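User: Please take a close look at the open space in this model, starting with the pocket, and describe what surrounds that space. A connected account is better than a list.

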Amino acid sequence: MKKILAFICSAAMLLSACGTITSSAPLEFKTDSDNSWITGSEPVSSSIYVDKIDGLSTDFIRAVDISSVLSEEKSGVVYKGFDGSEQDIFKTLKQSGINYVRVRVWNDPFDAAGNSYGGGGNDVSAAAEIGKRAAENGIKTIVDFHYSDFWADPSKQMVPKAWADMDIDTKSDALYSFTKESLESIIKAGADVGMVQIGNETTGAMCGETNWIKITGLMNAGAKAVRETDPNILIAVHFTNPEKPDNYEQYAKILANYNVDYDVFASSYYSYWHGTLDNLTAILKKISEEYDKYVMVAEMSYAYTSEDGDDFANTIGDGGTYEKHYQFTVQGQADGISDVIQAVHNAGEKGIGVCYWEPAWIPVPGENYDDRFKLWEQFGSGWASSYAGEYDPGDAGVYYGGSSWDNQALFAKDGTPLESLKTFGYVYTGTVTDIRIDAISDCMTIIRLGDDIILPETADAIYNNGERKQVKVEWESYDESLMQSCGANDYTVNGTADGMPVKCTVSMVEPNYIENYSFENKDYSMWNVINVNDVTTELDFQEKSTDAKTGNISFHFYSENKVDFRLEQTVKNLKPGAYNFSLSLQGGDCANDTMYIYAIADGKEYTQETGVVGWANWQSPSIKNIATESGEITVGIAISCDAKGWGTIDDVLLNPVER
């Protein structure tokens with residue numbers, strides 16, 4: 001299942017014509033429902049643990065993108081209040097401390113027969129209706145123009161059908177007119193628009209253009225339309241991949257060089273993919289100070305469960321090459337929200353908000369996949385319908401279907417809001433709750449075939465206040481003889497700890513005589529790292545699961561200079577005989593490289609050339625039948641390449657040819 005498109009959302013308050021945020025009246029939290037707890041001084045009782053964020057302005061943008069909500073409701077989804085009874089979702093959002101909604105706008109997300117491309121079918125009329133309903137509940141709107149007929153993200157920025165044959169000047173005029181007419185229509189419907197986003201994740205492309213001169217010209221055409229409509233509306237531009245801060249600095253510099261008229265530099269931030277919170281704070285703070293712009297996280301989310309609710313694969317689950325910084329629980333989801341709010345707040349006074357992407361995109365009703373598929377097709381409530389294939393044949397035309405986001409929603413599958421939705425208010429007060437275990441981390445152990453199977457006695461318990469402790473595990477019975485006789489395979493053993501389920505993955509492997517072969521033990525004294533002439537600037541054992549083949553740790557290399565090093569281990573006291581040696585490596589940007597694995601036994605050297613072909617594209621070179629009578633073998637890898645080369649090494653194996 002291909003990863004669903006990345007998206008953006010942003011939010012902010014009113015901006016005066018001179019480019020400063022104006023002070024606004026305090027939010028009326030008691031309108032329609034009692035929200036006085038948000039501005040109270042005492043912690044609030046809750047089932048989740050949330051720390052108060054000191055000094056957080058009540059004007060801080062607390063936004064959610066609910067672009068799919070109309071198509072969800074048309075498909076039969078019923079949203080509820082915290083008491084479990086049916087309630088207008090906008091009222092529930094208001095009660096939870098939300099002060100902005102964000103809605104995407106596509107030019108023409110329909111085929112000639114009027115069938116929706118899916119993803120909510122978000123044209124101007126849909127944005128107007130969502131904005132009107134938000135305003136009726138005291139919530140402002142962020143209008144996100146994609147300037148495309150369907151999803152725009154870093155991988156694609158497709159031009160709308162109607163603009164496909166236009167030259168850049170004609171397209172610029174069309175974009176200006178579309179922006180102005182659409183915005184006027186949305187405001188006339190009753191929406192209280194506080195921000196307009198010019199483009200969606202425009203990381204090097206927009207509206208079919210890839211030349212920055214043309215892109216910035218289009219941005220200015222959209223900005224001109226917004227300023228003429230209402231100079232108090234904030235204008236945002238949006239980028240992603242903040243884990244590459246050099247790119248962000250370059251984007252900000254380009255915008256300044258071409259005099260792009262904007263107020264907010266917005267970033268997506270998914271902790272799965274986008275680096276550390278410290279890095280996020282640092283790059284937002286730097287841009288805000290150097291270019292005098294407001295900054296915000298325009299899109300974020302986190303999973304509260306690994307379960308799939310609609311038989312359409314989720315973007316985030318138990319597997320995958322991404323960082324899992326929090327447990328997949330309601331508490332973990334709340335931690336993810338509050339941490340991002342804190343990170344933006346730490347960027348300084350110009351850090352103005354955070355938006356959560358699609359918290360209401362839950363499964364549509366149906367007994368089975370076929371029932372739900374009919375609704376996705378009829379109402380456009382899946383990420384894409386089959387009709388989108390005419391516009392986007394390579395992606396939507398192949399992977400159309402339901403929501404891959406339902407396990408990251410802030411509503412349960414039955415439409416009941418999760419307690420994590422209130423995190424946007426709880427950050428003002430903190431909460432009072434019983435300290436308890438929220439989740440227990442699963443275990444993993446690697447056993448050589450023939451060795452006794454010994455499972456861990458304890459597991460890592462994660463408490464709702466973030467503390468971690470080891471707790472005793474009671475394992476269920478398992479068939480050791482079966483696990484020993486079926487060769488190299490993975491097995492799951494279930495157990496309980498403090499009454500909570502836990503599982504252990506037992507990897508039965510061929511006898512391997514490399515000590516600490518996957519680097520998970522942080523004693524690396526058995527490994528010899530040889531930095532030839534000390535030219536390689538980064539050689540370390542790195543704890544980052546996305547760069548590890550198994551477990552969390554791998555050996556990492558990178559250099560601002562030439563890369564030239566060897567990593568090796570000498571194994572002694574082997575039985576005389578033949579052995580196979582292999583390892584796994586991945587990486588990139590290794591120009592003019594020389595890479596090979598080697599083994600030295602009884603005075604003879606064996607080598608096998610290898611290389612890297614991209615991130616997470618693991619190569620597994622091997623050397624067969626290494627003969628030894630002395631019982632000593634040295635194995636390793638030698639890598640040299642030009643500056644900026646990078647990669648990781650993992651799972652070093654030395655197996656006997658016959659057991």
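Analyst: Strand 17 gives the largest share of the lining of the largest pocket, 6 residues. The model is a predicted one, and the volumes and linings below are computed from it. The largest pocket has a volume of about 2000 Å³. Its lining is made up of 48 residues, and those nearest its centre are Asp318, Lys324, Ser441, Asp442 and Asn552. Sorted by class, the pocket lining has 19 polar, 15 nonpolar and 14 charged residues. Strand 17 covers residues 500-509, and at least two lining residues also come from each of strand 11, strand 12 (443-448), strand 13 and strand 16 (489-497).

Two of these contributors, strand 11 and strand 13, belong to an open sheet of 3 strands with the order 11-13-14 and antiparallel pairing. Strand 11 (437-440) and strand 14 (468-472) are the edge strands, each pairing on one side only. From one strand to the next, the twist averages 40°. Strand 13 spans residues 458-463 and is joined to strand 14 by 5 bridges, the two running antiparallel. Within that pairing, Ile462 of the sheet faces a residue of strand 14, namely Arg468, which stands opposite. In general terms, the strands of a sheet pair through backbone hydrogen bonds, in either a parallel or an antiparallel arrangement.

Strand 17 also leads to a residue with a notable backbone angle. The loop between strand 17 and strand 18 (528-531) contains Phe519. Phe519 is not a glycine, yet its phi is positive, at about 65°. The relative accessibility of Phe519 is 0%, so this residue counts as buried. Asn625 is another non-glycine residue with a positive phi, here about 55°. Asn625, however, sits in a strand, strand 26 (residues 622-628). Its relative accessibility is 47%, and Asn625 therefore counts as partly exposed.

Apart from the pocket, the structure holds 1 cavity of 30 Å³ or more. The volume of the largest cavity is about 50 Å³. Its lining consists of Tyr269, Tyr270, Ser271, Leu277, Met300, Ser301, Tyr302, Tyr326, Gly336 and Val340. By class, 7 of the cavity-lining residues are nonpolar and 3 are polar, with no charged residues. The pocket lining, by comparison, includes 14 charged residues.

Ser271 is one of the residues lining the cavity, and its surroundings can be followed further. This serine is in the loop that lies between strand 7 (264-268) and helix 8 (277-291). Ser271 has a relative accessible area of 7%; the cut-off for buried is under 20%, so Ser271 is buried. Beyond its neighbours within four places in sequence, Ser271 contacts Tyr302, Glu323, His325 and Tyr326. Of these contacts, Tyr302 and Tyr326 also appear in the cavity lining. Val340, another lining residue, is 69 residues away from Ser271 along the chain, and the C-alpha atoms of the two are 9.0 Å apart.

For a buried element elsewhere in the chain, consider strand 4. Strand 4 (residues 140-145) has 5 of its 6 residues buried, so the strand is largely enclosed by the rest of the structure. Strand 3 (residues 100-105) runs parallel to strand 4 and is joined to it by 6 bridges. Arg102 has Ile142 in strand 4 as its bridge partner.

Key. Residues are numbered from 1 along each chain as its sequence is written. This is a predicted model: local features need pLDDT of at least 70, side-chain atom pairs count only at pLDDT 80 or more; totals for chains, interfaces and linings use all residues. Side-chain values use heavy atoms; hydrogens and water are left out. On a 1 Å grid over the protein atoms alone, a cavity is a set of points where a 1.4 Å probe fits but cannot get out, and a pocket is an open set with protein on both sides within 12 Å along at least five of seven lines; lining residues have an atom within 4 Å of a point. Grid points are joined across faces, edges and corners, and a volume is the space filled by probe spheres set on the points. Ala, Val, Leu, Ile, Met, Phe, Trp, Tyr, Cys and Pro count as nonpolar, Asp, Glu, Lys and Arg as charged, and the others, Gly among them, as polar. Two strands pair if DSSP finds at least two bridges between them. Helices (H or I, at least four residues) and strands (E, at least two) are DSSP runs, numbered from the N terminus. Axes are lines fitted to C-alpha atoms, for helices over the stretch in contact, and angles run from 0 to 180 degrees between N-to-C directions. Buried means under 20% relative accessible area, exposed over 50%, partly exposed in between (1.4 Å probe, protein chains only). Contact means heavy atoms within 4.5 Å.
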